[in-house]
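Me: I've got a new structure open and I'd like to understand the words people use for it. Can I quiz you about what earns each label?

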Amino acid sequence: MPASQDKRQEAATPGERLDSWKEIAEYLKRDVRTLQRWEQTRGLPVRRVPGGGHAAVYALKLELDAWLADGRGPKAESPNRRKRIALAVTTATVLLAAGALFWWMKRPQPLAERPTLTRLTWDSGLTTDPALSPDGKLLAYASDRSNEGHLDIWVRQVTGREPIRLTTDPADDHEPAFSPDGSQIAFRSKRDPDGIYLVPALGGEPRLLAPHGRNPRYSPDGKWIVYWIGDRHANSRIGIVPATGGATRQLEFRRPELIAARYPVWSPDGGWLLFMGQYDWWVASVETGEAAPTGAGDVFSRHGLPSPLLQVPSAWVADRILFSPASHEAASLWQIPISLQSWRITGPPERLTFSTGLDTSPSLIADGRLAFASLGENIDVWRLAIDANRAGPVGELSRLTDAAGADLHPSISSDGRRMVFRSNRSGNWDVWIKDLETGRENPLITGTATGSFTSITSDGSKVAYQENIEAGRNNYYMIGVGPRGHPGPAQKVCDKCGVLSDLSGDGQLLLYYTYRPHRSIFSLSVASGQVSELARHPSQNMADPRFSPDRSWVAFASNLDPVRRQIFIFPARPGTAETDWIPVTDGTALDREVAWSPDGNVLYWISERDGFRCLAARRLDPATKRPRGEMFYVLHLHGARRSMMHFRNPNIGRPAVARDKIVFSLAERTGNIWMMKLPEGK
């Protein structure tokens, strides 16, 4: 939504506008949590204050009254979760369309400049990743509309008619991009081998162009395709390949700090690339690799937007960059100006859409038409019933949390009775606790910037969490938990340490890791504060370590390169040599996010060996912890709508194991594609 719309709404006369969740709740005579749920499930017209964060909201009485009159107010809710998510997407996108059209119609401007907003698809599942052909006649997109549980590439005329299905592989095919002449479509596939494929725009046999590639983009002259490989949160690099096929060239930068580069887009003249790099957006020469930061990070910070690592550049058109969010919170499409001489960001970001859902994957063509996906997403904690010490038999998969907002990073007591997790259901990132016997949930830690992992002891009596201070530096705290889940006083146990990853089952030791100045794993005594470096590697990041239940061993994933991780186990003693590391996986795929069985004789992890994030395991020798038998899958998660693949950072789905269950987060997405016409000069 452009800034002038904000000004119009900010100018609402007193009494017309409600400026907090509390005021909205009083007006509708409901509690805040109910209204936050209605925002997700019924399209309650609540708006975010620009730059104010997720919890800074307001609403207009006129829109609330219209929402009530439309029959979407208080009534019995359907118990069918899928229907509620579909409803949330439908109402959110309808509100988006209505709100955009209302503003554009009221905005003082010549009639010829009034844009239109059109819904292009009406699928009940997940339809996303639109790509407009340069002449604006065709629309390619990814969809699970075949009802086979995976995404395929489809193409249709923008003006209507039934779409043509271009791909049928059981793996997900997505991220399509048209060639400049409109004859070919490049896309990413998770089939074997995964990577960038090409297919004729009107049908044909796909062929592999670049193994492991993501987010293909044609150069303006159509001769090259740029892409990236690796993780969306760790190691990554940019490659360029001839559009007709041939040898790939990795873009080498003259900046040693650029150890990660992703989401490249071409400059209008094809000589430069803008991409997401270390703590900023960067611009680099295609020929020489000379690179410079754009200053986007400082601009985003001044205007209340998240880090550029959470903003995906999607297109570079003239002197502006179109971008969309990479997070799982409600977000819009934006654009921001860039100097074509200095490559510096020259002005504030401008919002183009405003929705309670996720507006993402924009595709912009020269005449100003902009297609994008408007999605609804809900992240909950799920439970897989299993005898965890035996790694089977596998039982039912069921939902453990069911609230508006995202529920992430669960940790569970070994008896399976208590679980803690992070949630933004209240509008802030808080730590919640759930009694899995009674179903009672309550906030445990509020009002602090809690970081990724929260860990609970084996008996559920203590919880460790971290407070983010700066990149890679956090404060650690411990709290006791009473019989009814009420917290005791917080005890600070570490000041500006690395990334907290685990708490020993007895609550005596914390486990954390660092990327600089050394790539190391440390243990920290809660009682004495003594720190011991357990392991170090000169070049490979050592991520997400976990204690064995008896805290005698540590399992972790080593980052070998952008497309490979290897899981190791080592004795939990200071200065363990690399020669004492026990390999659990072979290092040929993305295997990470480990979790131990309660008896320490089975190791679980998330594996992407089959193109999806699935739950794998391997049995261990009780004494030596060396693997016994081959790895095997405990649970395949191949559905496009409910998946871990929607997580930018896979540690959001990190499993936690109790004697009778494994818990982890899953994201559910549905959505459709819309198109709007930007006015001239936008």
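Me: Let's begin with Trp281 and Phe323. Are they buried or exposed?
Reply: Trp281 is buried, and Phe323 is buried too. Keep in mind that this is a predicted model.

Me: What makes Trp281 and Phe323 an edge-to-face pair?
Reply: Two values decide that. The ring centres are 5.3 Å apart, and rings pair if their centres lie within 6.5 Å. The planes stand at 80 degrees, and planes over 60 degrees apart count as edge-to-face. So the pair of Trp281 and Phe323 is edge-to-face.

Me: Which parts does that pair tie together?
Reply: Trp281 is in strand β19 (residues 280–285) and Phe323 is in strand β22 (residues 320–325), so the pair links parts that are 42 residues apart in sequence. Trp281 and Phe323 also belong to one aromatic cluster with Phe300 and Trp334.

Me: How do you know that Phe556 and Phe570 are edge-to-face?
Reply: Same test, new values. Centre to centre they are 5.7 Å apart, with 65 degrees between the planes. The distance is to be within 6.5 Å and the angle over 60 degrees, so Phe556 and Phe570 form an edge-to-face pair. Phe556 lies in strand β41 (residues 553–561) and Phe570 in strand β42 (residues 564–571), so this pair ties together parts 14 residues apart in sequence.

Me: Why is Phe556 called buried?
Reply: Buried means under 20% relative accessible area. Phe556 has a relative accessible area of 0%, so Phe556 is buried. Phe570 also comes out at 0%, so Phe570 counts as buried.

Me: How many aromatic pairs are there in the whole structure?
Reply: A search of the whole structure finds 17.

Me: What makes Arg191 a residue that lies over the face of Tyr197?
Reply: Arg191 is at 4.9 Å from the ring centre of Tyr197. For a charge to sit over a ring, CZ of Arg has to be within 6 Å of the centre and within 35 degrees of the ring normal. The distance fits, and Arg191 is listed as lying over the face of Tyr197. Arg425 lies over the face of Trp432, at 4.5 Å from the ring centre.

Me: Why are the buried residues of α2 said to be on the same side?
Reply: In helix α2 (residues 21–28), the buried residues include Trp21, Ile24, Ala25 and Leu28. They cover an arc of only 100 degrees around the axis, so they sit on the same side of α2. On the other side of α2, Lys22 and Glu26 are exposed. Just after α2, Lys29 takes a positive phi of about 60 degrees.

Me: How do you know that β32 and β33 pair?
Reply: Two strands pair if there are at least two bridges between them. Strand β32 (residues 455–456) and strand β33 (residues 462–470) have 2 bridges, in the antiparallel sense, so β32 and β33 pair. One of the matches is Ile456 with its bridge partner Val463 in β33. The two strands form a hairpin with 5 residues between them, and Gly460 in the turn has a positive phi of about 75 degrees. On to β34 (residues 473–480): 8 bridges join β33 to that strand, antiparallel again.

Me: What makes β5 and β8 edge strands?
Reply: The open sheet here has 4 strands in the order β5-β6-β7-β8, paired antiparallel. β5 (127–132) and β8 (160–165) each pair on one side only. In β5's case, 4 bridges join β5 to β6 (residues 138–143).

Me: Why is Asn147 called exposed?
Reply: Exposed means over 50%. Asn147 has 62% relative accessibility, so Asn147 counts as exposed. Asn147 lies in the loop between β6 and β7 (152–157), and has a positive phi of about 60 degrees although it is not a glycine.

Me: Is Glu593 buried or exposed?
Reply: Set 2% relative accessible area against the under 20% cut-off, and Glu593 is buried. Glu593 is found in strand β44 (residues 591–596), and its phi is near 60 degrees, a positive value in a residue other than glycine.

Key. Residues numbered from 1 in each chain as written. Predicted model: local features only at pLDDT ≥ 70, side-chain atom pairs only at ≥ 80, totals over all residues. Heavy atoms only, no water. Phe/Tyr/Trp six-rings, centres within 6.5 Å; stacked < 30°, edge-to-face > 60°. Buried < 20%, exposed > 50% of the residue type's maximum accessible area, 1.4 Å probe, protein only. Arc of directions from axis to C-beta.
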